[in-house]
Amino acid sequence: MFEHKAQFLKRKELKRVQLSKLRRIVSYAYQNVPLFKKRFNEAGVKPGSIRTLDDIEKIPFTVKNDLRDNYPLGVLAVPQTRLYCLHASSGTTGKPIIMAYTRGDLERWSKLMGRSFDVAGVRRGDVVQNMFGYGLFTGGLGFHYGARAVGATIVPTGTGNTKRQLMLMKDLRSRVAASTPSYMIYLCEASRIEGYEPKVDFAVKVGIFGAEPWSEQTRKRIEDVFGLRAHDIYGMSELYGPGVAIECEQRNGLHVWGDEFLVETINPDTGDVLEPGKEGELVFTMLSREAMPLLRYRTRDLSRVFEEECACGRYHPRIQRIKGRSDDMLIIGGVNVFPSQVEHVLMNIPTLGDQYQIIVSHAELDRLAVKVETTPERVNDPNLLKQIQSDLLAVLGIRADVQLVELGTLPRTEVGKARRVIDLRTKE
Ligand code: DLL
């Protein structure tokens, strides 16, 4: 087992490690990053004020704009000569955020990914097909480092090139598939089109999927087609990359590696800290980051935190499957709609395909339209249409115009994260 001791720290020991690391990182960040010194001083907090884990509430939040405003490397805690690697967020607008790593940071990240692989049942010598993008995105290299840490055999195919991807999956007997869930769903379809019988031709038994929200129904579809066991993995560029949290064999929430991250949930509007179990925005404090420490970083991701011991024996706190980002939430005619709710409804209807699109427009009133694929025989089925409409109404509380389209019509995501929402309303 990889880092067995760290994986199975008892609650008391975990808390002890957390407090001692928290106190260290707070004075380190205060002394080495002007941004933190300024924020602490403005809030009238000194590093010495942090004596217990609950004192974390005294620390001001850090937000994405703090990093953006300090582009490219204004939040470093070490001289640039100590950096081993840089990554960048995929920022869709404006400047990206640059992520910096010392050698120690890369080692810690590799170990966290190694542990995550271990939890998902990946062992030395397993063939791992890494279909995450290599490059500035942290997915490719993060999985690469993790596979190396556990001694697996890495096949660094990266994204896209689906035909070759499938050929190698078969010929190299890949046992582990790592990708975005949307790409794996695409492979379910593409493998059949290419003439493969997934359960017979492929030997994939473990899937590790993340980087975007996905539903339990999508998991089931992937598992049914490939005959694998799928684990949800969470992470974010600012927090090293993937490997912040992963599902264990219980798959009852994702364990956040608590000896390296403190996780809180807050009310996104007021910033108030919520009790465990309540839904809110996840906030992370990195406990050992050298190059770019982050204290109370607001992720915008919505979830819940559970502190109880898991049936797997681990005390690392668990977060529920991410519901979405608060900035992905659509407000349609005053009603809050998460794309993940639409996916949940659609994937529960067996006759529908895996691809869908959400289109929001405005003509006097906001309008929600959902396009979803189905077989040619069903495309004109009024009963199917009615069922989708009423299921969506029941879950979302608003009416959606549903359009059935034939399998293969909607755009597929072969590279990067899926873009399923088209918002045609003018943004200010
Ligand atoms: O997506 C890191 C990563 C790579 C995670 C590979 C998992 C696997 P970013 O590009 O910075 O980093 O995007 C981070 O993606 O704030 C979430 O909104 C979303 N996200 C990541 N993992 C999940 C997941 C990588 N398992 C943002 N479920 C995060 C839902 C996820 N959303």
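**Sheets and ligand site of the predicted model**

An open sheet of 9 strands, in which the pairing is mixed, follows the order 4-3-5-6-7-8-9-14-13. Its edge positions are taken by strand 4 (153–155) and strand 13 (305–306), each of which pairs on one side only. The description given here refers to a predicted model, and the positions named follow a numbering that starts from 1 along each chain.

Within this sheet, strand 6 (residues 206–210) and strand 7 (residues 229–236) run parallel and are joined by 5 bridges; Gly-207 stands opposite Ala-230 of strand 7. Helix 5 (residues 103–119) packs on the sheet, where it touches strand 3 (127–130), strand 5 (176–179), strand 6, strand 7 and strand 8 (241–247). The direction of helix 5 makes an angle of about 30° with that of strand 8.

Strand 7 also takes part in the surroundings of the ligand, giving the most to the shell with 5 residues, and both helix 6 (138–150) and strand 7 supply at least two residues each. The ligand has 20 residues around it, of which Asp-232, Ile-233, Ser-237, Asp-301 and Lys-417 come nearest. By class, the residues of this shell divide into 10 nonpolar, 5 polar and 5 charged.

Several pairs of atoms describe the polar surroundings of the ligand in finer detail. A polar side-chain atom of Asp-232 is placed 2.7 Å from a nitrogen atom of the ligand, and a backbone N or O atom of Ala-211 lies 3.1 Å from a nitrogen atom of the ligand. For Asp-301, an N or O atom in the side chain is found 2.6 Å from an oxygen atom of the ligand. The accessible area that the ligand has on its own amounts to 610 Å², and the protein covers 95% of this area.

A further open sheet, made of 4 strands with antiparallel pairing, has the order 10-11-12-15. Because strand 10 (261–266) and strand 15 (324–325) stand at the edges with a single partner strand each, one side of each is left without a neighbour in the sheet. Strand 10 pairs with strand 11 (residues 280–286) in the antiparallel sense over 6 bridges, and Ile-266 is located opposite Glu-281 of strand 11. In general, the strands of a sheet pair through backbone hydrogen bonds, in either a parallel or an antiparallel manner.

Two features of backbone geometry in loops complete the description. The peptide bond that joins Tyr-71 and Pro-72 is cis, with omega at about -5°, and Pro-72 belongs to the loop between helix 4 (64–69) and strand 1 (83–88). Arg-173, which is found in the loop between helix 7 (162–171) and strand 5, has a phi near 55°, a positive value in a residue other than glycine.

Definitions and conventions: Predicted model: local features only at pLDDT ≥ 70, side-chain atom pairs only at ≥ 80, totals over all residues. Heavy atoms only, no water. Pairing = 2+ DSSP bridges. Contact = heavy atoms within 4.5 Å. Axes fitted to C-alpha atoms, helices over the stretch in contact; angles between N-to-C directions. Near = heavy atom within 4 Å. Polar contact = N/O pair within 3.5 Å; in protein donor to acceptor, adjacent residues only side chain to side chain. Areas by Shrake-Rupley, 256 points an atom, 1.4 Å probe, with all protein chains shown as cover. Nonpolar A, V, L, I, M, F, W, Y, C, P; charged D, E, K, R; others polar.
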